[in-house]
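Biologist: I would like to learn how to read a protein model step by step, beginning with the strands and then moving on to the helices and the aromatic rings. Could you take me through it slowly?

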Amino acid sequence: MNSTNICPDVVPKYYTVTLTLMTIISFPINSTGVWLVWFHSPQMGKFKYCLMYLQVITFMTENWSSYISPGYYFFPMLAGFNLSYLGELMTGHTTMVIWVFIFCFELPSLFICFMYRHDAAIGINNSKNTLKYLNYFTLFVAHLLPPFTATTLQLSLLTYDQKYNLLKTKYPQCLHFADNRLFEIYDWNINSWIAICGIGSFSLVLIVVSYGFGLVIHTMHILHKLRVHMSAETFKMHKSALISLSMQCVIPSLFLIVPMYTLLVIVAYQINDLHEYSNCAFFGICSHSCISTIVMITTNSKYLTTLRNKLKPGTIFQKVPIQKRSNSISVSMPRTMSIVQA
């Protein structure tokens, strides 16, 4: 097999430059997203903790893959090596396991947000949540993804002899990488755990995503059914929050699903000519957190208003005046009103 382009000795300059530029751009955007969710979501109640969960996980995932521990990969081989300074502390395989473990928490963080919107819709008229235990079970399944994927990936590690023989047999021009501790290669014909990792992870994701899609449909059905019990403003608030969350899930997913599916095709059919494209596909994967934050901000009028006010000249470092506590009468609110404010 002529695959001399699979294991270049020098990483293209544009690859590292692009990752650096992506970090420079995404870091302030993601930081702004975290700041808005934590300090400027007073009317979201507990929902802001779901968004914070999602923002922190996506932020950590992107920083790990584009700045802390970036990698250069050798598709259509299932191989690559680490480019970070962590080589003195851990192997390339270990850095990949850590990244996968963090990345997989995006699924439960998204699902718990959709679950909260569903519960908030049901709570409008104190209806019984018939899907309560099924929701909790699916959330448990979603949280199985990170430990399952990380454990099976860890078990996919090949011994030095196995890697050496694999490279010598199939990729002799890459044999010099066998002694590089930051280099790693996987093969399901030698160690089937890598296949179990891929198939099992895909199955868990498919189960949770399918159920999550059904949960969104059910939430919209509840909102339209209870529309007569809500004001137009309240209905708009619930609907906008659900649509914003859905867009925050769907749009960034395109930057994950399309590159990953392309990489699967490249590996499955051993398309050597697309080796360089396969590396560029990781630019899309690394940018999904930044895209998610942009979608969240642009679909939330409260966040947009806050940014406009803060970006006005002289307001960025302006101190917030301390308000004196007034002696007001505390009025108890119905549960439905408290849920609407949440």
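**Reading strands, helices and rings**

Modeller: Let us begin with strand β3 (residues 183-186), which is covered on both faces, since Phe183 and Ile185 on one side and Glu184 and Tyr186 on the other are all buried. Please keep in mind throughout that this is a predicted model.

Biologist: Which strand pairs with β3, and in what sense?

Modeller: The partner is β2, and the two strands pair in the antiparallel sense over 4 bridges. You can follow this pairing residue by residue, for Gly80 has Glu184 as its bridge partner in β3, while Leu78 stands opposite Tyr186 in β3. Strand β2 is itself mostly covered, with 4 of its 5 residues buried.

Biologist: How many bridges join β1 to β2?

Modeller: There are 3 bridges between β1 and β2, and these strands run antiparallel. As an example of the register, Gly71 stands opposite Asn82 in β2. The two strands form a hairpin, with 4 residues between them.

Biologist: How many helices and strands does the chain have in total?

Modeller: The secondary structure comes to 13 helices and 3 strands. As for the chain in general, it has 342 residues, of which 47% count as buried. Among the contacts with a separation of 6 or more, 78% are between residues 24 or more positions apart. The accessible surface is about 19,000 Å², and carbon and sulfur atoms account for 67% of that surface.

Biologist: Which residues does UniProt list for "transmembrane region"?

Modeller: The unreviewed UniProt entry lists several stretches under that name, including residues 14-39 and 136-157. We can set such a record beside the model: over residues 14-39 the chain is 100% helix and 0% strand, with the end C-alpha atoms 37 Å apart. Over residues 136-157 the chain is 82% helix and 0% strand, and there the end C-alpha atoms are 33 Å apart.

Biologist: May we look at single residues in the helices? Is Thr149 buried or exposed?

Modeller: Thr149, which is found in helix α6 (residues 145-155), has a relative accessibility of 5% and therefore counts as buried. When residues up to four places away in sequence are not counted, Thr149 touches Val100, Cys104, Cys197 and Ser201. Now take Thr16, whose place is in helix α1, and which is partly exposed, with a relative accessible area of 31%. Leaving aside its neighbours within four places in sequence, Thr16 is in contact with Val11 and Leu83. Thr16 and Leu83 are 67 residues apart in sequence, and their C-alpha atoms are 8.9 Å apart in space.

Biologist: Now I would like to understand the aromatic rings. What describes a pair of aromatic rings?

Modeller: Such a pair is described by the distance of the centres and the angle of the planes. This structure holds 19 aromatic pairs. In one of them, the rings of Phe27 and Phe59 have their centres 5.5 Å apart and their planes at 55°, so the pair is tilted. This pair links distant parts of the chain, for Phe27 is in helix α1 (residues 13-39) and Phe59 is in helix α2 (residues 47-68), 32 residues apart. Phe27 counts as partly exposed, at 45% relative accessibility, whereas Phe59 is buried, with a relative accessible area of 15%.

Biologist: Why does the pair of Phe75 and Phe282 count as stacked?

Modeller: The ring centres of Phe75 and Phe282 are 6.1 Å apart and their planes are at 20°, so the pair is stacked, because planes under 30 degrees apart count as stacked. Phe75 lies in the loop between β1 (71-73) and β2 (78-82) and Phe282 in helix α10 (residues 275-286), so the pair ties together parts that are 207 residues apart in sequence. Both Phe75 and Phe282 are buried.

Biologist: Which residues form an aromatic cluster?

Modeller: One aromatic cluster is formed by Tyr15, Tyr72, Phe74, Phe81, Phe177, Phe183 and Phe283. You met Phe183 at the start, as one of the buried residues of strand β3.

Biologist: Where do Lys48 and the charged end of Arg117 lie?

Modeller: Lys48 lies over the face of Trp38, at 4.6 Å from the ring centre. The charged end of Arg117 sits over the ring of Phe47, at 4.8 Å from its centre.

Methods. Residues are numbered from 1 along each chain as its sequence is written. This is a predicted model: local features need pLDDT of at least 70, side-chain atom pairs count only at pLDDT 80 or more; totals for chains, interfaces and linings use all residues. Side-chain values use heavy atoms; hydrogens and water are left out. Rings of Phe, Tyr and Trp (its six-membered ring) pair if their centres lie within 6.5 Å; planes under 30 degrees apart count as stacked, over 60 as edge-to-face and the rest as tilted. Buried means under 20% relative accessible area, exposed over 50%, partly exposed in between (1.4 Å probe, protein chains only). A charge sits over a ring if NZ of Lys or CZ of Arg is within 6 Å of the ring centre and within 35 degrees of the ring normal. Contact means heavy atoms within 4.5 Å. Accessible areas come from the Shrake-Rupley method with a 1.4 Å probe; for residues, only the protein chains shown count as cover. UniProt positions are given in the numbering used here, feature names are shortened, and annotations may be inferred rather than shown by experiment. Two strands pair if DSSP finds at least two bridges between them.
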